[in-house]
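Q: Could you take me through one part of this model in detail, namely the strands and how their pairing goes together with the nonpolar interior?

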Amino acid sequence: AFVDSGDAIVEQNEDNNILISCKNCEAGSALQIENDIEVKWRWKQPGSNPAAISGPPVIASLGPIDGQNIPAVIFNNSSAHSYYDFQGELMALRGDTGATLFKYYDAEHGPAHSSGVAAADIDGDGLTEIIVAGRHRSGTPAGNLLAISNTGILKWDNMSNAQAWSTPPYSGYVSESGLSAIADIDADGNP
C-alpha cells in the first residue's frame, strides 16, 4: 500500500501486491522553507481587471538592460483588456525590479489569452525572440504563432500557414491554449 510503508495494515490478500511503491519510504513532515526568503517585487496589473497569468512565466535574457545582462520575466496576461475578447497581452518585466520592459498587444491578431510563452534565439541573430499563440479578433481560434522581438515588436505571424492548416483535409478544432515550445528538432544547431 502507498501509505503503509511499515506493512502495519493487514490486508485480506497480501499476495496481490505485485508492485510495492516506496517500500523503504517513511512519512515525514512537509518540506520546511527557511524564513529568510524575501519578496523582491510583486507585479500588480494596473486598472480594475485582476491579473490572470496564463501558464508559467518564462525567465530569459532579452539583451542588455542599462548595460547589464538582467533576466526578464515574460508572461501572457490574459485579462489585460477583456477576458471575453480572448486577447492576451504579452508582458516582459525586469527580473531585478519588476518594472515593465514592454507590453505587446495587437487588437486584430494579438496573443491568445490562454497561451503560454516560449523564448529562444530562433533566427540566429543572438537576440531572444518570444513565441506565443495568436488569436484572431473575431474570436475564432486561428492556430497561428506570433514571434515577438526582444523589444516587444512583432517579427512575424504565420497566419497564412495556420489558415492552410485549418482547411480540408486538415480542418478541425484549432486551440491556442497550452504552452509554446522551441526545440532543435532536426539537430542542426538551430531551433
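A: Happy to, and a good place to start is a single pair of residues: asparagine 77 has glutamate 89, in strand 3, as its bridge partner. Please keep in mind that this is a predicted model.

That pair belongs to the contact between strand 2 and strand 3, which are joined by six bridges in the antiparallel sense. Stepping back, these two strands are part of an open sheet of four strands, ordered 1-2-3-4 and paired antiparallel. Strand 1 and strand 4 form its edges, each pairing on one side only. From one strand to the next, the twist averages 20 degrees.

A second open sheet, also of four strands, follows the order 5-6-7-8 with antiparallel pairing. Here the edge strands are strand 5 (117-120) and strand 8, and each of them pairs on one side only. The twist in this sheet averages 20 degrees from one strand to the next.

Within this sheet, strand 6 and strand 7 run antiparallel and are joined by four bridges. Isoleucine 131 is found opposite alanine 147 of strand 7. On to the next pair: strand 7 and strand 8 (residues 154-157) are antiparallel too, with three bridges between them, and leucine 146 stands opposite aspartate 157 in strand 8. The hairpin these two strands make has five residues between the strands, and in it glycine 152 adopts a positive phi near 90 degrees.

Now for the interior. In soluble globular proteins, nonpolar side chains tend to be buried together. In this model the largest nonpolar core counts 14 residues, and those with the most contacts inside it are Leu62, Ile74, Leu90, Phe102, Val117, Ile130 and Ile148. Two or more residues each come from strand 1 (53-61), strand 2 (71-77), strand 3 (89-94), strand 4 (100-104), strand 6 (129-133) and strand 7 (145-148). Apart from this core lies another one of five residues, including Trp43, Val73, Met91 and Leu93.

If you want one residue to centre your view on, try valine 117. Setting aside neighbours within four places in sequence, valine 117 is in contact with Val58, Ile74, Phe75, Asn76, Leu90, Ile130, Ile131, Val132 and Ser180. Three of the names on that list, Ile74, Leu90 and Ile130, return among the residues with the most contacts inside the largest core, as does Val117. Ile131 is also worth a second look, as the residue opposite alanine 147.

Note on methods: Residues numbered from 1 in each chain as written. Predicted model: local features only at pLDDT ≥ 70, side-chain atom pairs only at ≥ 80, totals over all residues. Heavy atoms only, no water. Core = buried A, V, L, I, M, F, W, Y, C linked by side-chain atoms within 4.5 Å. Buried < 20%, exposed > 50% of the residue type's maximum accessible area, 1.4 Å probe, protein only. Contact = heavy atoms within 4.5 Å. Pairing = 2+ DSSP bridges. Axes fitted to C-alpha atoms, helices over the stretch in contact; angles between N-to-C directions.
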